[in-house]
Amino acid sequence: MMPNNDLYSAYRKIVASVADEMVACWYLGTLNAAVDGYPEIPIFRVATIMTYRAETLSPASCRIHWDEVGEFIDHTTGLPAESWLNPITGRRQPCVKGFREGDAYYTVESNAEGLALSLHQPGAKIDSVKMDQKVEGDRIWINQTERKTRSLHGPGAQQAFTATTVLSLWSSRADVADASKTWAPASGSYSFTLNGLMPWMGFGDRKGKTMVRGVKHKSRTTEHVDPAAWDRLEKMYPEFFATLK
């Protein structure tokens, strides 16, 4: 375990930056449907870019603002999704092509118990945000679990689902301790689980879950980890990318 002040600094430096600057995190994964009574069904690949900027509130607290854009990619063609063939119904379904979320923020504060985290996210009722950390050798591991009730993108968006998001990041203690660096390089994994099926998938009254699983990679906002996804998303959401220039 790390002392509370060190944990606060490490969290801020791994997730965002100790300076007032914007960093990016790429989320690259797959969207699957787990329909009751059927094998898990791959729907699309997902490419998401999230930006984070930490605003200092006090020596022991900050607000981490975040915004995101993402797209769905056809598994077969590697091109932006236009529709998908529902294997249960045999019907080709129109789909949501992309999504944007933002104007959201975490509030992080060091206290006697460790770190206190809260989340403000438009369109979501936050039930809990919890973080745990592990230090082993030169590695620091941060694992954050968010539970919320939220709506979705596209047709049926008015329907509310409970959702669980798990965000994991790994970094080097040497990078975190390096005073010449305002932020620490980090990579990790993520999962997002809804307790229902997205209406646009076309499963009707069938029960099941919607899941996204993938990897994360932190970068500078000028670093195009997936250049093709960057170009497509910039055309879809030019106002988002205008903030990165």
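Biologist: How many residues does the hairpin use to join strand 2 to strand 3?
Modeller: That hairpin joins strand 2 to strand 3 through two residues, where strands (E, at least two residues) and helices (H or I, at least four) are DSSP runs numbered from the N terminus. This is a predicted model, in which local features need pLDDT of at least 70, side-chain atom pairs count only at pLDDT 80 or more, and totals for chains, interfaces and linings use all residues. Residues are numbered from 1 along each chain as its sequence is written, and side-chain values use heavy atoms, without hydrogens and water.

Biologist: And how many bridges join those two strands?
Modeller: Strand 2 and strand 3 run antiparallel and are joined by 13 bridges, while strand 1 (residues 22-35) pairs with strand 2 (residues 41-58) over 12 bridges, also antiparallel; strands pair if DSSP finds at least two bridges between them.

Biologist: Which residue in strand 3 is the bridge partner of valine 46?
Modeller: The partner of valine 46 is phenylalanine 72, and phenylalanine 72 is buried (under 20% relative accessible area with a 1.4 Å probe, protein chains only; exposed is over 50%, partly exposed in between).

Biologist: Okay, switching to rings: how many aromatic pairs are there?
Modeller: The structure holds 10 aromatic pairs, counted for rings of Phe, Tyr and Trp (its six-membered ring) with centres within 6.5 Å, and called stacked under 30 degrees, edge-to-face over 60 and tilted otherwise. One of them is the tilted pair of phenylalanine 72 and tryptophan 200, with 5.9 Å centre to centre and 45° between the planes.

Biologist: Where do those two sit along the chain?
Modeller: Phenylalanine 72 lies in strand 3 (residues 61-73) and tryptophan 200 in the loop between strand 11 (187-194) and strand 12 (208-220), 128 residues apart.
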